[in-house]
Amino acid sequence: MAYTKVNYEDVDPVAESMHFLRDALDCETVGVTVLECEPGWSGKAHDHAEENHEEVYLLVDGEATVTIEGQDVAMESGDAVRVAPEATREIHNGDAESKFVLVGAP
């Protein structure tokens, strides 16, 4: 098949906020996640060195900070940041709801 289509709201969220679309879209190498953050939400610090996955975080709506290797990167709607596989990253949401699209691939 030439394409696969899914609405992220039809994919059960993990931890009430992350909609992992890789399997639903039958992707072979690209991971796509929609992350809906409540005010004050923070993710866990992690990296993807073992999988060699770089990621791009696109903030679709809201304001947030992504801490990358100890450096705070302030983000507002429309901002995107690329994170190297070995870099530790953690999302900290602001005072309002926000929505990210996270994309990762080797």
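This report walks through one strand, one loop residue and two pockets of a predicted model.

## Strand S2 and its partners

A good place to start is strand S2, which covers residues 31-37. Most of S2 is covered, with six of its seven residues buried.

S2 has a partner in strand S1, residues 18-20, and the two run antiparallel with three bridges joining them. Within S2, Thr33 is the residue that stands opposite Phe20. S2 also pairs with strand S8, residues 98-105, again in the antiparallel sense, and here there are seven bridges. If you look for Glu36 in the structure, you will find Lys99 of S8 standing opposite.

## Lys44 in the loop

Moving on along the chain, Lys44 sits in the loop that links strand S2 to strand S3, the latter being residues 54-61. Is Lys44 buried or exposed? Lys44 counts as exposed because its relative accessibility is 67%, and the cut-off for exposed is over 50%.

Which residues does Lys44 touch, leaving aside its neighbours within four places in sequence? Those contacts are Arg89 and Glu90. As for Asp61, that residue is 17 residues away from Lys44 along the chain, and the C-alpha atoms of the two are separated by 20 Å.

## The largest pocket

Now for the open spaces. Rolling a probe the size of a water molecule over the atoms reveals where empty space remains. The largest pocket has a volume of about 500 Å³. Its lining is made up of 23 residues, and those nearest the centre are Met18, Phe20, His46, His48 and Glu55. Phe20, you may recall, is the residue opposite Thr33 in S2.

Several strands share in this lining: S1, S2, S3, S7 (89-93) and S8 each give at least two residues. Sorted by class, the lining of the largest pocket holds eleven nonpolar, seven polar and five charged residues.

## The second largest pocket

The second largest pocket has a volume of about 170 Å³. Its lining includes Ala15, Glu16 and Ser17, along with Glu36, Cys37, Glu38 and Trp41. Asp61, Glu97, Ser98 and Lys99 also line this pocket. Which elements give two or more residues to this lining? They are S2 and S8.

Two names here should look familiar: Glu36 and Lys99 line this pocket, and they also stand opposite one another across S2 and S8. By class, the lining of the second largest pocket divides into three nonpolar, two polar and six charged residues.

Note on methods
Residues are numbered from 1 along each chain as its sequence is written. This is a predicted model: local features need pLDDT of at least 70, side-chain atom pairs count only at pLDDT 80 or more; totals for chains, interfaces and linings use all residues. Side-chain values use heavy atoms; hydrogens and water are left out. Helices (H or I, at least four residues) and strands (E, at least two) are DSSP runs, numbered from the N terminus. Buried means under 20% relative accessible area, exposed over 50%, partly exposed in between (1.4 Å probe, protein chains only). Contact means heavy atoms within 4.5 Å. Two strands pair if DSSP finds at least two bridges between them. On a 1 Å grid over the protein atoms alone, a cavity is a set of points where a 1.4 Å probe fits but cannot get out, and a pocket is an open set with protein on both sides within 12 Å along at least five of seven lines; lining residues have an atom within 4 Å of a point. Grid points are joined across faces, edges and corners, and a volume is the space filled by probe spheres set on the points. Ala, Val, Leu, Ile, Met, Phe, Trp, Tyr, Cys and Pro count as nonpolar, Asp, Glu, Lys and Arg as charged, and the others, Gly among them, as polar.
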